[in-house]
Each structure stands twice: as structure tokens, then as C-alpha cells.
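Here is a friendly briefing to read with the model open beside you. Have the sequence at hand as well, and follow the topics in any order once you are past the opening.

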Amino acid sequence: MNDAATLPPLVEGGQINDHSQGRERVISIRGLRNQFGANVLHDRLDFDVFRGEIVGLVGGSGSGKSVLLRTIVGLNPWREGRIEVFGEDMGHLTADERSHVQTRWGVLFQDGALFSSLSVIENIELPLREHARVPEAALDDIAALKISLVGLPPGACAKKPSELSGGMKKRAGLARALALDAELLFLDEPTAGLDPISASNFDSLLRDLQRTLGLTVVMVTHDLDSLNAICDRVAVLLDKRIVAGTMEELLAYDHPWTKEYFHGPRARAAGIR
Ligand SMILES: Nc1ncnc2c1ncn2[C@@H]1O[C@H](COP(=O)(O)OP(=O)(O)OP(=O)(O)O)[C@@H](O)[C@H]1O
């Protein structure tokens, strides 16, 4: 793998060109280093995410995409660097401050499966019980609202996750991630394992929710169709750093990995050119 120094030049926040003007940074990372033993995953990594955008996070297998998401949400202690979310310095929060920040984001991780012993509605009520002071009588109504928001029929409420299709499970997971009225969503390969039609329906749902709720979304994906269809910008984990830009900027970016990825046959099949 090339050394980070060989990356064509970037501007602030790992961007190819500056898109920051007049925009609020919901996430701002500077100089991040993550390392497991001798395995350095992130080094001098900068990354900005602006309010209201959907950013697709891509990169080779094992390049550290999931670890980056887990680091931002506080599930992975990092070695060096500064991470701000909503302007809060994530390295220096009290327990109360951390718990408050956590109510402003939702996560749908690959391993964040729904609890199989609970019904769909009980799964969605969990974060409401844990983090919000919602009166018991209002829990069912709020959870039912979230279930309809993600396009699940009311009949899904009482079902166990095992009774749902793959696409419905993803929607239920999304409803849980949105239970606390999150402003920011972290999704780790949300369309993995879905057939192309269900994946495309999930993408449309995400785009609709992002528009109507004003969400900011960071989404790890291997799905070039999703990248092309719904992402405003794409962030590539390259040589331990983030290179972020619009699809056009990445298509023109001079690096062997991006050239192969964005100009390969799978990209062409997804309509990227
Ligand atoms: N807690 C940990 N301890 C040690 N190594 C870890 C830990 N978490 C992740 N790794 C290693 O870090 C590397 C990056 O993992 P990560 O899951 O972030 O990759 P990824 O880019 O999401 O890959 P993929 O696209 O294959 O899912 C892998 O080699 C993984 O084994």
C-alpha cells in the first residue's frame, strides 16, 4: 500500500476541493490515529461531515471503515487526534455530556441486530426507555410512529425479528436508530444482504428521511448503486486517511485505488461514469 505522503494534495478535512463554505460541521476529525498492535489503520486522518448531507464511506476490505464509525461513536479508544461531534470534543466529555450527545445520533451497525426475544415495537422502545424520559403511556405511540416512518405496516409491531424479511429487519433497525429523533445517523452496510430491489427501496427510504427530517448520514457501503443514487459526497479510506469529494471529484482523483474502484466494470454497471 502507498504511503500517506503519496496522496494527491487535499484541502481541510480530507476534502479534494473545499465544500465547507457556509456549512456547519457536524463531525470534524483532525489527526486521528488508530492502531491495533502493529496494524496502523488510520494515520493523520482528517474528516469533515456537514449538516444535512449523506456521506458514503468506502475503502478496501480491512481498511478500517467500521473502526472509524465505532471510533466516532465512542466504542473504540483512539491513539491520537481530536474528534468533534456537534462541536463537542469527544475526548473530553463527562459521562453526562457523553450520554446527552449519544441521544442526538442513531446507529445501525451490522452487528447491531435487533433483540430476537423482543417484538419489533419493544426493540424500538428500548432506547426510549434507556435515554428519554418518555411516560410509559406514550411509548407505544412513539414507537408505532417510528415504525410507520420507515414504511413498515402496523402489523409488524408485534412480530419478532425472526418473522421479518431481511429488508423489513433493516427498516426495523432504522426505526430503532431513529427512536430518539436522531439528527445524525451512522449506518454500517445497511443494504448488505438485501436483494437489489429491497436495497434500492431502502436507499429511497433513506433519501426521503434525510430530506424530511434534515438528517445527516454517514454510511459505510460496498454498494456502488447506493453511492451513486443517494450520497452527496463520498469519503474513501485511502492509505490510512480520508479522501472526500463528490462523485465527479473522485472520478477525476489520481490514485490507483480510486481509479480502479470508480472506473471499474461494477461502477459502470451502477451508472457511474
Ligand atoms: N478491536 C480490534 N482489535 C484488533 N484488531 C481489530 C479490532 N477491530 C478491528 N480490527 C482490525 O482492524 C482492521 C479493520 O477493520 P474494519 O472492520 O474497520 O475494516 P473495514 O474497512 O470495515 O472492512 P470490511 O469492508 O471488510 O468490513 C481489520 O484488520 C480488523 O481485523
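Let's start at a turn: valine 85 stands opposite glutamate 88 in S5. Please keep in mind that this is a predicted model. From that small pairing we can move out to one sheet, then to a second one, then to the helices and the ligand.

**The four-strand sheet**

- S4 and S5 form a hairpin with two residues between them, and the two strands pair in the antiparallel sense over two bridges.
- In the turn of this hairpin, phenylalanine 86 has a positive phi of about 50 degrees.
- The open sheet that holds this hairpin has four strands in the order S2-S1-S4-S5, with antiparallel pairing.
- Strand S2 (39-50) and strand S5 (88-89) are at the edges with a single partner strand each, so one side of each is left without a neighbour in the sheet.
- S1 and S4 are antiparallel and are paired over five bridges; here serine 28 stands opposite glutamate 84 in S4.
- Strand S1 (residues 25-36) is also joined to S2, by eight bridges, and these two run antiparallel.
- Which residue of S2 is the bridge partner of glutamine 35? Look for valine 40.

**The six-strand sheet**

- A second open sheet has six strands in the order S6-S7-S8-S3-S9-S10, and its pairing is mixed.
- Its edge strands are strand S6 (105-108) and strand S10 (241-245), each of which pairs on one side only.
- From one strand to the next, the twist averages 20 degrees.
- Strand S3 (residues 54-59) and strand S8 (residues 216-220) run parallel and are joined by four bridges.
- Valine 55 has valine 218 of S8 as its bridge partner.
- As a reminder for reading both sheets, strands pair through backbone hydrogen bonds, either parallel or antiparallel.

**Helices on the sheets**

- H1 lies across S1, S2 and strand S4 (80-85), and runs at about 120 degrees to S1.
- H1 also lies across S3, strand S7 (184-188), S8 and strand S9 (233-238), where it runs at about 145 degrees to S8.
- H5 packs on the six-strand sheet by touching S6 and S7, and its direction makes about 160 degrees with that of S6.

**H3 with H4**

- The axes of H3 and helix H4 (residues 136-149) come within 9 Å and cross at roughly 110 degrees.
- Are H3 and H4 roughly parallel or roughly perpendicular to each other? An angle of 65 to 115 degrees counts as roughly perpendicular, and H3 and H4 are therefore roughly perpendicular.
- The crossing of H3 and H4 is right-handed.
- On the H3 side, the contact uses Val120, Ile121, Ile124, Glu125 and Leu128; on the H4 side, the residues include Leu139, Ile142 and Ile147.
- By class, this contact of H3 with H4 has nine nonpolar, no polar and three charged residues.

**H3 with H5**

- Helix H3 (residues 120-131) and helix H5 (residues 166-177) have axes that come within 8 Å and cross at roughly 25 degrees.
- H3 and H5 are therefore roughly parallel to each other, and their crossing is right-handed.
- Val120, Asn123, Ile124 and Pro127 of H3 meet Ala172, Ala175 and Arg176 of H5.
- The residues of this contact of H3 with H5 are five nonpolar, one polar and one charged.

**H5 with H6**

- The axes of H5 and helix H6 (residues 196-213) come within 10 Å and cross at roughly 20 degrees.
- H5 and H6 are therefore roughly parallel to each other, and H5 passes H6 in a right-handed crossing.
- H5 brings Gly166, Gly167 and Lys170 to the contact, and H6 brings Ser198, Asn201 and Phe202.
- The contact of H5 with H6 divides into one nonpolar, four polar and one charged residue.

**Around the ligand**

- Phe36, Leu41, Gly59, Ser61, Gly62, Ser63, Gly64, Lys65, Ser66 and Val67 are the residues around the ligand.
- Which helix gives the largest share of this shell? Helix H1 (residues 65-72) does, with three residues.
- By class, the shell around the ligand has three nonpolar, six polar and one charged residue.

How values were computed. Residues are numbered from 1 along each chain as its sequence is written. This is a predicted model: local features need pLDDT of at least 70, side-chain atom pairs count only at pLDDT 80 or more; totals for chains, interfaces and linings use all residues. A residue is near a molecule or strand if its C-beta atom, placed from the backbone, lies within 6 Å of it. Ala, Val, Leu, Ile, Met, Phe, Trp, Tyr, Cys and Pro count as nonpolar, Asp, Glu, Lys and Arg as charged, and the others, Gly among them, as polar. Axes are lines fitted to C-alpha atoms, for helices over the stretch in contact, and angles run from 0 to 180 degrees between N-to-C directions. Angles under 35 degrees count as roughly parallel, over 145 as roughly antiparallel, 65 to 115 as roughly perpendicular and the rest as oblique. A crossing is left-handed if the near helix is turned anticlockwise from the far one by less than a right angle, and right-handed if clockwise. Two residues are in contact if their C-beta atoms, placed from the backbone, lie within 7 Å. Two strands pair if DSSP finds at least two bridges between them.
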